[in-house]
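Trainee: Could you take a close look at the salt bridges in this one for me? I'd like to see how they sit relative to the nonpolar parts.

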Amino acid sequence: MSFSSVAAQNEVTFGIGDLQDYTSPFFGLQYKRYFSDVPTDNQPHLISPYLNKINSAYGRYFTTDIYDFYQAGGEWFIDDKWVVIADLRFVDYDRTTITAYQSADIDVGYFISPKWQVGIGNFYHFRETRRVYYNSDDSVSTRTYSRYRNNLKLFTRYTNITGGSGWDIGAEVIFSGELRTTVDARYFFNHDVSLNLTYLMKEDESDYRYEEGDVAELTLDYWFTRNFSLQVGAGARIGGDDDGLATVTLTTSYRF
């Protein structure tokens, strides 16, 4: 790779790790396209596209021994005040009772100030489950059940960066069968280094990764150059039947 310092419009991310819940390693790959150059000076490299309101689109693939995860989305800023965010996801399960899971987020955000964004959205998800019934020693039958929901979502994000350091804090609430809240707080020590804590509270069965308990994830992000970064993270389940370490991840990104 050539680690140049010029502005970039492409970003490739590769990640590996382990999901203790599924006792198998995983890997993922993402490509993101920015529709204008990402500035490389005087701002944290990680969120420079957001601070400069640069439109983007991305595709992501994630796999384990049990399922394949596909995702596509984008972010479109309008008149420095509005932003439209879309995420589409499809999970193809292999050796589980769930045969397919689909979900989509359509969000609209508004900047009430240059640092503060509020928004509203819709979270749609569809799940198909196949159950096996043993009627007798020689008789086996299967039935497929499907369910879909549309849930209201509210979110906010506050970003205050001065001289390359500061806070980027967000919160999201999904009003599903049970209230699901995500709080995300990242502190930038400088242009290169940041530490992020994400806490997911009272998750419901719509989440494809975890079934019970809250999940806290701590992530360290370090940019070696303006183009190349490394991210190390770990997540733990809290308050469920199986407390303890849930995920360990290692991710690298390259902009060009």
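Mentor: Let's start with the network: R89, D105, D107, K153 and E172 are linked by salt bridges. A salt bridge here is a side-chain nitrogen of Lys or Arg within 4 Å of a carboxyl oxygen of Asp or Glu. Before going on, keep in mind that this is a predicted model, where local features need pLDDT of at least 70, side-chain atom pairs count only at pLDDT 80 or more, and totals for chains, interfaces and linings use all residues. Residues are numbered from 1 along each chain as its sequence is written, and side-chain values use heavy atoms, with hydrogens and water left out.

Inside that network, K153 and D105 pair up at 2.7 Å, N to O. K153 sits in strand β8 and D105 in strand β6 (residues 98-113), so this pair links distant parts of the chain, 48 residues apart; strands (E, at least two residues) and helices (H or I, at least four) are DSSP runs, numbered from the N terminus. Both K153 and D105 are buried, where buried means under 20% relative accessible area, exposed over 50% and partly exposed in between (1.4 Å probe, protein chains only).

Strand β8 also carries R157, whose side chain meets D168 in a salt bridge of 2.8 Å, N to O. D168 belongs to strand β9 (residues 165-175), so the pair ties together parts that are 11 residues apart in sequence. D168 is buried at 7% relative accessible area, while R157 counts as partly exposed because its value is 22%.

A search of the whole structure finds 6 salt bridges. One of them joins R255 to E11, with the closest N and O atoms 2.5 Å apart. That one links distant parts too: R255 is in strand β14 (residues 244-255) and E11 in strand β1 (residues 8-19), 244 residues apart. R255 counts as buried because its relative accessibility is 4%, and E11 counts as buried at 8%.

Now the nonpolar side. The largest nonpolar core has 10 residues: F26, F62, I66, Y67, F69, V91, Y93, Y101, F123 and I174. Such a core is a set of buried Ala, Val, Leu, Ile, Met, Phe, Trp, Tyr and Cys residues joined through side-chain atoms within 4.5 Å. The elements giving it two or more residues are β4 and β5. Another core, of 5 residues, lies apart from it, and Y50, F77, V83 and I85 are among its members.

On the outside, F35, W76, I78, W82, V84, V108, I120, L152, L154, F175 and L179 make a nonpolar surface patch of about 970 Å². Patches take residues with over 30% relative accessible area and no salt bridge, joining like charges within 9 Å and nonpolar side chains (Val, Leu, Ile, Met, Phe, Trp, Tyr) within 5 Å; the areas come from the Shrake-Rupley method with a 1.4 Å probe, and for residues only the protein chains shown count as cover. β4 (67-78), β5 (82-93) and β8 (140-162) each give two or more residues to the patch. V84, in strand β5, counts as partly exposed because its relative accessibility is 32%.

One last stop is the loop between β4 and β5, where you'll find D80. Its phi is near 60°, a positive value in a residue other than glycine, and D80 counts as exposed at 57% relative accessibility.
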